[in-house]
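Thanks for sending this one over. Here are my notes, with the criteria spelled out as they come up.

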Amino acid sequence: MAVTDTLFAAAREAMALCHAPYSKFPVGAAILAEDGRVYKGANIENLAFPQGWCAECTAIGAMVMGGARKIREIGVIAEKMAFCPPCGGCRQKILEFADAETRIHLYDGAGAVKTMTMDELLPFSFQTDTIDKG
Ligand code: THU
């Protein structure tokens, strides 16, 4: 199975588990991490609206708690959108665990529709070597 298909299936599974009663805009994300495992997540909203978070955040949290620190590829799907570009905040969050060439796949209900690199998704990103990343 191609990586894009694996991520597509995982992102769809995740999307089905979203908690999006307010926006009714289910989103799923799946990460193939450096350890070869797939980590997934969905958006989780809250009655106090600003407290909700995106599918990409849930997937990144799952990856970090799984012990991995590097995204090889990530896929995102939204039920109601032909393809769903990650929001601005998620782009920076993905970048934390990615590099310029990391591939981001955007899906519709049938499969991959667009693939881009991290550099294309977030050009002119915040980066500085005045802070030690460890
Ligand atoms: N959402 C995501 O999960 N990821 C994105 O990149 C864009 C937006 C969610 C947040 C909210 O639960 C719903 O989509 C509507 O904005």
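The points below cover the ligand site, an aromatic pair and two backbone angles.

1. This is a predicted model, in which local features need pLDDT of at least 70 and side-chain atom pairs count only at pLDDT 80 or more, while totals for chains, interfaces and linings use all residues. Residues are numbered from 1 along each chain as its sequence is written, and side-chain values use heavy atoms, with hydrogens and water left out.

2. Around the ligand you will find S23, F25, V27, N43, E45, C54, A55, E56, P85, P86 and C87 (a residue is near if one of its heavy atoms lies within 4 Å). By class, this shell holds seven nonpolar, two polar and two charged residues (Cys and Pro count as nonpolar, Glu as charged).

3. Three polar contacts are worth a look (pairs of N or O atoms within 3.5 Å). An oxygen atom of the ligand is 2.4 Å from a side-chain N or O atom of E45, and for the side chain of E56 the corresponding distance is 2.7 Å. At C87 the partner is a polar backbone atom, 3.0 Å from a ligand oxygen. Taken alone the ligand exposes 370 Å², of which the protein buries 77% (Shrake-Rupley method, 1.4 Å probe).

4. Which pocket does the ligand sit in? The ligand occupies the second largest one (more than half of its atoms lie within 2 Å of the grid points; a pocket is an open set on a 1 Å grid with protein on both sides within 12 Å along at least five of seven lines, where a 1.4 Å probe fits).

5. The structure holds two aromatic pairs (ring centres within 6.5 Å; stacked under 30 degrees, edge-to-face over 60, the rest tilted). One of them is the tilted pair of Y22 and F49, with 5.5 Å centre to centre and 45 degrees between the planes. Y22 lies in the loop between α1 (3-15) and β1 (27-33) and F49 in the loop between β2 (38-42) and α2 (55-65), so the pair ties together parts 27 residues apart in sequence (DSSP runs, helices H or I of at least four residues, strands E of at least two).

6. Most residues other than glycine have a negative phi. K24, in the loop between α1 and β1, has a positive phi of about 50 degrees. F124, in the segment after α4 (118-121), has a positive phi of about 55 degrees.

Technical notes:
Polar contact = N/O pair within 3.5 Å; in protein donor to acceptor, adjacent residues only side chain to side chain. 1 Å grid on protein atoms, 1.4 Å probe; cavity = no way out; pocket = protein on both sides within 12 Å on 5 of 7 lines; lining within 4 Å. Phe/Tyr/Trp six-rings, centres within 6.5 Å; stacked < 30°, edge-to-face > 60°.
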